[in-house]
Amino acid sequence: MMESLWWVWIAAGLVLAILEVVVPGFLFAGFAIGAVITGGWMGLALPGTGWLAASLVNALVVFALVSVAAWLAMRRILGVRQGQMKRIDHDINED
C-alpha cells in the first residue's frame with residue numbers, strides 16, 4: 001500500500017516548495033527536498049529499498065533525516081550574508 005503513495009510525497013514536496021517561495025528564509029526548503037527525495041526513492045522501488053515502503057514510520061524517518069541533511073547543507077552553502085546580522089559590540093548603558 002505504501003509503495004503506491006510515492007506521488008503523495010512528491011506532491012507534498014512541491015507544495016512545500018511553493019510555500020517556501022511565499023515565506024522567505026529557507027523554512028520549508030529542507031522539508032521540500034526531503035519529501036521529494038523520499039517520494040522519488042519510494043517511486044523508483046530500487047532493489048533493497050523495500051523496507052522504505054514497508055511502513056509509514058520508515059518513510060518518516062528517511063524524510064526527517066534527508067530534510068535535516070538538506071537544511072544543514074543549504075545553511076552551510078548559502079549561510080548568513082555579510083551585513084544581514086547586526087553585531088553589537090558594546091552596551092549602551094556602559095558609559
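Here are three short exercises, with worked solutions, on the predicted model shown above.

**Exercise 1. Describe the fold of the chain in terms of its elements.**

Solution. Start by counting: the chain has four helices and zero strands. Next, read from the N terminus on, where the elements run α-α-α-α. Then turn to the contacts between residues at least 6 apart in sequence: 61% of them join residues at least 24 apart.

**Exercise 2. Find the largest nonpolar core and say which helices supply at least two of its residues each.**

Solution. First, list the members: the largest nonpolar core has five residues, namely Trp9, Ala35, Met42, Ala59 and Phe63. Second, place them on the helices: α2 (29–44) and α4 each supply at least two residues of this core. Finally, set the core against the whole chain, where 23% of the 95 residues count as buried.

**Exercise 3. Locate leucine 78, decide whether it is buried, partly exposed or exposed, and name the surface patch it helps to make.**

Solution. Begin with the position: leucine 78 lies in helix α4, which spans residues 56–78. Now take its relative accessible area, 46%. Buried would need under 20% and exposed over 50%, so leucine 78 is partly exposed. Next, look at its partners: Leu78 joins Phe26, Val68, Trp71, Leu72 and Ile77 in a nonpolar surface patch of about 620 Å². As general background, nonpolar side chains tend to be buried together in soluble globular proteins. To close, consider the surface of the chain: about 7200 Å² is exposed, and carbon and sulfur atoms supply 70% of that area.

Terms used. Residues are numbered from 1 along each chain as its sequence is written. This is a predicted model: local features need pLDDT of at least 70, side-chain atom pairs count only at pLDDT 80 or more; totals for chains, interfaces and linings use all residues. Side-chain values use heavy atoms; hydrogens and water are left out. Patches are made of residues with over 30% relative accessible area and no salt bridge: like charges are joined within 9 Å, nonpolar side chains (Val, Leu, Ile, Met, Phe, Trp, Tyr) within 5 Å. Accessible areas come from the Shrake-Rupley method with a 1.4 Å probe; for residues, only the protein chains shown count as cover. A salt bridge is a side-chain nitrogen of Lys or Arg within 4 Å of a carboxyl oxygen of Asp or Glu. Buried means under 20% relative accessible area, exposed over 50%, partly exposed in between (1.4 Å probe, protein chains only). A nonpolar core is a set of buried Ala, Val, Leu, Ile, Met, Phe, Trp, Tyr and Cys residues joined through side-chain atoms within 4.5 Å. Contact means heavy atoms within 4.5 Å.
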